[in-house]
Amino acid sequence: MSFETILTEAPSPGVTLIRLNRPQALNALNSQLLDELGQALEIAEADDAVRCVVLTGSERAFAAGADIKEMSEKTYAEMFRIDFFAQAAQRIERFRKPIIAAVAGYALGGGCELAMLCDFIVAAETAKFGQPEITLGVAPGIGGTQRLTRLVGKSKAMDMILTGRMMDAAEAERAGLVSRVVPADKLLDDVLATAAKIAGFAPIAVMMNKELVDAAYETTLSAGVAMERRLFHSLFAFDDQKEGMSAFVDKRPAKFTGR
């Protein structure tokens, strides 16, 4: 399938790279881009050969925000009726395979929220994160107030959201927003190597581990540990568990099949 606002490719076995492609608008998120991103994720999820997705933008901007021109004249009734942003955000939230954000340049407003919807963020030294919606007289609308607070804490989230200031890559790493920072010219190579490593593991185990980490934000500790134990037990029903442990004992690389 061909798209107009995103580019997709398969740089290595098991890995799909999705690149936001609205350079004239610094990859601002409009309805078409979000719809096409959702379609690309549907394709990736249905394809058993795809085991990890990398989402990136350009060197200048991951995504500089939502498309203000598209939203500026909408009424409350229109926004409420179509539940603006909900479908796109929920599609990413429901995506069962790992998705890594590779962020260079600006990740502001909806761009920061899109990055936070991914499982983790690797940032270039040039990355800048922010939720500047307050400067437009609105609030974040794709989970910014909720995810940013969970990731960096109340004080820093309040600081960023109420002032609209940007956080550079070094501060984002210290605050826990990003997993690591790499040189800008190494960003994509680093993230694609990480994605390839994940793609080489047992795919069902990968999906279950992702589900368990996500559950840590939604459940109590006792409920989360109980869920972890049950999924840990369940993995012994799969051939990949036997292969992984046999390979460890035999001191050889494991060959996972997804069964």
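The exercises below, each with a worked solution, deal with a predicted model of a protein chain.

**Exercise 1. Overall build**

How many helices and strands does the protein chain have, and what is its radius of gyration against the globule rule?

Solution.
- Step 1. The protein chain has 12 helices and 10 strands.
- Step 2. Its radius of gyration is 19 Å, while the globule rule gives 18 Å for 259 residues. The two values are close, so the chain is as compact as a globular protein of that length.
- Step 3. Along the principal axes, the C-alpha atoms fill a box of roughly 60 × 45 × 40 Å.
- Step 4. Of the 259 residues, 43% are buried.

**Exercise 2. A helix under cover**

State how many residues of helix α5 are buried, and name them.

Solution.
- Step 1. Helix α5 runs over residues 110–117.
- Step 2. A residue is buried when its relative accessible area is under 20%. In helix α5, 8 of the 8 residues are buried, and the helix is described as mostly covered.
- Step 3. The buried residues are Gly-110, Gly-111, Cys-112, Glu-113, Leu-114, Ala-115, Met-116 and Leu-117.

**Exercise 3. Salt bridges around Glu-171**

Find the salt bridges that Glu-171 makes with Lys-156 and with Arg-165, and work out whether each of these residues is buried, partly exposed or exposed.

Solution.
- Step 1. The structure holds 11 salt bridges. One of them joins the side chains of Glu-171 and Lys-156, at 2.8 Å from N to O.
- Step 2. This pair links distant parts of the chain: Glu-171 is in helix α8 (residues 169–175) and Lys-156 is in helix α7 (residues 154–163), 15 residues apart.
- Step 3. Arg-165 also meets Glu-171 in a salt bridge, at 2.7 Å from N to O.
- Step 4. Glu-171 has a relative accessibility of 12%, so it counts as buried. Lys-156, at 26%, counts as partly exposed. Arg-165 is partly exposed as well, with 24%.
- Step 5. Lys-156, Arg-165 and Glu-171 belong, with Asp-159, to a network of salt bridges.

**Exercise 4. A salt bridge and a positive phi**

Which residue forms a salt bridge with Glu-243, and what is the phi of Lys-251?

Solution.
- Step 1. Arg-252 forms the salt bridge with Glu-243, and their closest N and O atoms are 2.7 Å apart.
- Step 2. Arg-252 is partly exposed at 33%, whereas Glu-243 counts as buried at 18%.
- Step 3. Lys-251 lies in the segment after α12 (239–250). Its phi is near 60°, a positive value in a residue other than glycine.
- Step 4. Lys-251 has a relative accessible area of 75% and is therefore exposed.

**Exercise 5. From Phe-85 to Ala-86**

Place Phe-85 and Ala-86 in the chain, and decide whether they are buried or exposed.

Solution.
- Step 1. Phe-85 is in the loop between α3 (76–82) and α4. Ala-86 is in helix α4 itself, which covers residues 86–94.
- Step 2. Phe-85 has a positive phi, near 80°, although the residue is not glycine.
- Step 3. The cut-off for burial is under 20% relative accessible area. Phe-85 counts as buried at 16%, and Ala-86 counts as buried at 15%.
- Step 4. Ala-86 and Tyr-217 are 131 residues apart along the chain, and 20 Å separates their C-alpha atoms.

**Exercise 6. Two surface patches**

Which residues form the nonpolar patch, and which form the negative patch?

Solution.
- Step 1. The nonpolar surface patch consists of Ile-68, Leu-136 and Val-138, with about 270 Å² of accessible area together.
- Step 2. Ile-68 is located in helix α2 (residues 68–71) and counts as partly exposed at 41% relative accessibility.
- Step 3. Val-138 is in the loop between β8 (128–130) and α6 (144–152). At 48%, Val-138 counts as partly exposed. Its C-alpha atom is 25 Å from that of Leu-20, a residue 118 places away along the chain.
- Step 4. The negative surface patch is made of Glu-59, Glu-125, Asp-185 and Asp-189.
- Step 5. Within this negative patch, Asp-189 comes from helix α9 (residues 187–199). Asp-189 is exposed, with a relative accessible area of 55%.

Technical notes:
Residues numbered from 1 in each chain as written. Predicted model: local features only at pLDDT ≥ 70, side-chain atom pairs only at ≥ 80, totals over all residues. Heavy atoms only, no water. Patch = residues over 30% accessible without salt bridge, like charges linked within 9 Å, V, L, I, M, F, W, Y side chains within 5 Å. Areas by Shrake-Rupley, 256 points an atom, 1.4 Å probe, with all protein chains shown as cover. Salt bridge = Lys/Arg side-chain N within 4 Å of Asp/Glu carboxyl O. Lys, Arg positive; Asp, Glu negative; His and termini not counted. Charge placed at Lys NZ, Arg CZ, Asp CG, Glu CD. Helix = DSSP H or I, 4+ residues; strand = E, 2+ residues; numbered from the N terminus. Buried < 20%, exposed > 50% of the residue type's maximum accessible area, 1.4 Å probe, protein only. Rg over C-alpha atoms; globule rule 2.2 N^0.38 Å.
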